[in-house]
Amino acid sequence: MTPNNLIPIEISQHVIMVGVKRDTPGGMAAVINSYYRYINRLQYITSWKLASMPIKVWYAVSSIIQFTLALIFNRKIKIVHIQGAANASFSRKAVFVNIARFFGKKIIMHQHACDFVEYYDNHTNKAWITQTINNCDRLIVLSQWWKEYFTSIGVDANKIIILNNIVTPPPTPTQRCNDGKIRLLFLGEIGKRKGIYDLLQAISNDRDYFARHIELRIGGNLEEEKLQAFIRDHNLSDFVTFLGWVSGNKKTECLEWAHIYILPSFNEGLPIGILEAMSYRMPIISTPVGGIPEVVIPERNGILVQPGNHNEIGNALRYFIENPQLTSQYGEESYKIAQPYFPESVMGSLRNVYNDLLNQL
């Protein structure tokens with residue numbers, strides 16, 4: 001099959017997808033952009049954009065109208081595939097679930113939220129959340145950990161499908177420069193949740209040592225000024241560079257530049273950034289949260305540290321500094337572990353989900 005025909009028109013004509021605007025920073029948009037590449041003539045409705053509140057409201061209302069009209073006038077649509085998260089996203093997507101049920105469509109809820117546990121625990125109507133999910137025909141999750149979690153809150157286990165996030169590996173193995181320093185890459189939202197300040201504090205705690213042995217590039221959005229002030233105030237500018245949000249060719253250049261990918265998060269689903277780095281043959285330093293331990297295996301392709309533990313983060317960096325030969329060895333293992341997340345495998349699994357639902361009609 002050609003890349004844009006891994007899910008052919010014979011199937012995609014029966015599917016409509018709902019989710020965030022494609023240029024939104026984050027993993028969900030990355031997944032959706034991959035689907036555009038590999039699903040022939042994907043029918044897609046944008047329900048949210050990172051913008052001011054009036055614009056967000058406009059997107060929400062207009063998307064509901066577009067969605068309803070599509071279900072009324074396009075009789076070929078049989079499956080509604082909803083890309084969602086927690087908090088306000090879940091509430092918005094519940095509207096689409098109810099509309100799709102009214103029209104008798106098969107419904108897939110594709111859950112990307114890394115903070116769904118907190119959302120559920122703090123919600124005043126937990127039964128509504130569980131019932132909304134059970135009103136769908138399938139719940140797609142990103143890992144075995146998340147399948148077990150949703151089963152524990154009352155979601156029908158028979159409805160839950162584990163579907164890997166999708167990453168496209170580089171066409172040829174990356175040839176990295178070896179100038180005596182370990183090159184580290186962090187890509188993600190700038191804030192406490194992703195652990196960027198813990199990483200910087202761990203480096204600052206032994207600044208002179210790390211200045212001699214590492215370079216760190218940071219790509220991300222949101223707390224840009226706070227991050228830059230932290231780098232400046234802790235005298236890290238000589239070997240720590242903030243790039244802002246990176247995408248496209250700039251992101252590819254960063255992935256080809258780095259030796260090690262680091263993401264010391266407090267919660268996650270299964271980050272696209274980790275999988276992309278693995279496809280570029282990088283070892284990973286991360287935390288044992290969400291689905292991460294299913295792809296980052298200590299003493300094989302990376303190191304897991306406890307969230308917020310500066311000593312463990314520093315020790316993980318020292319481990320690779322003192323054992324530089326392990327970067328390529330662990331990187332090759334990362335590539336092997338990442339292969340089930342490559343397009344042909346993931347799209348084949350999604351194609352089976354679609355066909356299974358269509359055969360029930």
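So, what lines the largest cavity? In this predicted model, the residues around the largest cavity are Gln111, His112, Ala113, Val141, Leu142, Trp146, Phe150 and Gly269. Sorted by class, that lining comes to five nonpolar and three polar residues, with no charged ones. The space inside the largest cavity is about 40 Å³. And if you were wondering how many cavities of 30 Å³ or more the structure holds, the count is one.

Let's go from the cavity to a pocket. The second largest pocket has a volume of about 430 Å³. Its lining is made up of 19 residues, and those nearest the centre of the pocket are Arg176, His259, Pro324, Thr327 and Ser328. The class split for the lining of the second largest pocket is ten polar, five nonpolar and four charged. Which helix gives the largest share of that lining? That would be α14, residues 325–338, with five residues.

Since α14 has come up, let's stay with it for a moment. Helix α14 has 14 residues, and from its first C-alpha to its last it reaches 21 Å, close to the 20 Å you would expect at 1.5 Å a residue. Its buried residues are Leu326, Thr327, Tyr330, Gly331, Glu333, Ser334, Tyr335, Ile337 and Ala338. If you look down the helix on your screens, keep in mind that an α-helix has 3.6 residues a turn, so residues three or four places apart point the same way. Thr327 is on the buried list, and Thr327 is also one of the residues nearest the centre of the second largest pocket. What do the buried residues of α14 pack against? Their partners are four strands, β7 (182–187), β10 (260–263), β11 (284–286) and β12 (302–304), together with the helices α12 (272–279) and α13 (310–322).

Next, a single side chain I'd like you to click on: arginine 217. You'll find arginine 217 in strand β8, residues 214–219. Is arginine 217 buried or exposed? Its relative accessible area is 17%, and the cut-off for buried is under 20%, so arginine 217 counts as buried. Its side chain makes a polar contact with the side chain of glutamate 253, at 2.9 Å. Leaving aside residues up to four places away in sequence, arginine 217 touches Leu184, Leu185, Phe186, Thr241, Leu243, Glu253, Cys254 and Trp257.

Strand β8 also takes us to another helix, α10. The buried residues of α10 are Leu227, Ala229, Phe230 and Ile231, and they pack against α8 (196–205), β8 and β9.

What follows α10? Asparagine 235 does, and its phi is positive, near 60 degrees. As background, most residues other than glycine have a negative phi. Asparagine 235 is in the loop between α10 (224–233) and β9 (240–242). With a relative accessible area of 48%, asparagine 235 is partly exposed, because that class runs between 20% and 50%.

Asparagine 87 is another residue to look at for its backbone. Its phi is near 55 degrees, again a positive value in a residue other than glycine. Where is asparagine 87 found? It is in the loop between β3 (79–84) and α4 (88–102). Asparagine 87 is partly exposed, at a relative accessible area of 37%.

That's my tour, and I'm happy to rotate the model for anyone who wants another look.

How values were computed
Residues are numbered from 1 along each chain as its sequence is written. This is a predicted model: local features need pLDDT of at least 70, side-chain atom pairs count only at pLDDT 80 or more; totals for chains, interfaces and linings use all residues. Side-chain values use heavy atoms; hydrogens and water are left out. Helices (H or I, at least four residues) and strands (E, at least two) are DSSP runs, numbered from the N terminus. Buried means under 20% relative accessible area, exposed over 50%, partly exposed in between (1.4 Å probe, protein chains only). A polar contact is a pair of N or O atoms within 3.5 Å; within protein, one must be able to donate a hydrogen and the other to accept it, and residues adjacent in sequence count only if both atoms are side-chain atoms. Contact means heavy atoms within 4.5 Å. On a 1 Å grid over the protein atoms alone, a cavity is a set of points where a 1.4 Å probe fits but cannot get out, and a pocket is an open set with protein on both sides within 12 Å along at least five of seven lines; lining residues have an atom within 4 Å of a point. Grid points are joined across faces, edges and corners, and a volume is the space filled by probe spheres set on the points. Ala, Val, Leu, Ile, Met, Phe, Trp, Tyr, Cys and Pro count as nonpolar, Asp, Glu, Lys and Arg as charged, and the others, Gly among them, as polar. The expected span of a helix is 1.5 Å times one less than its number of residues.
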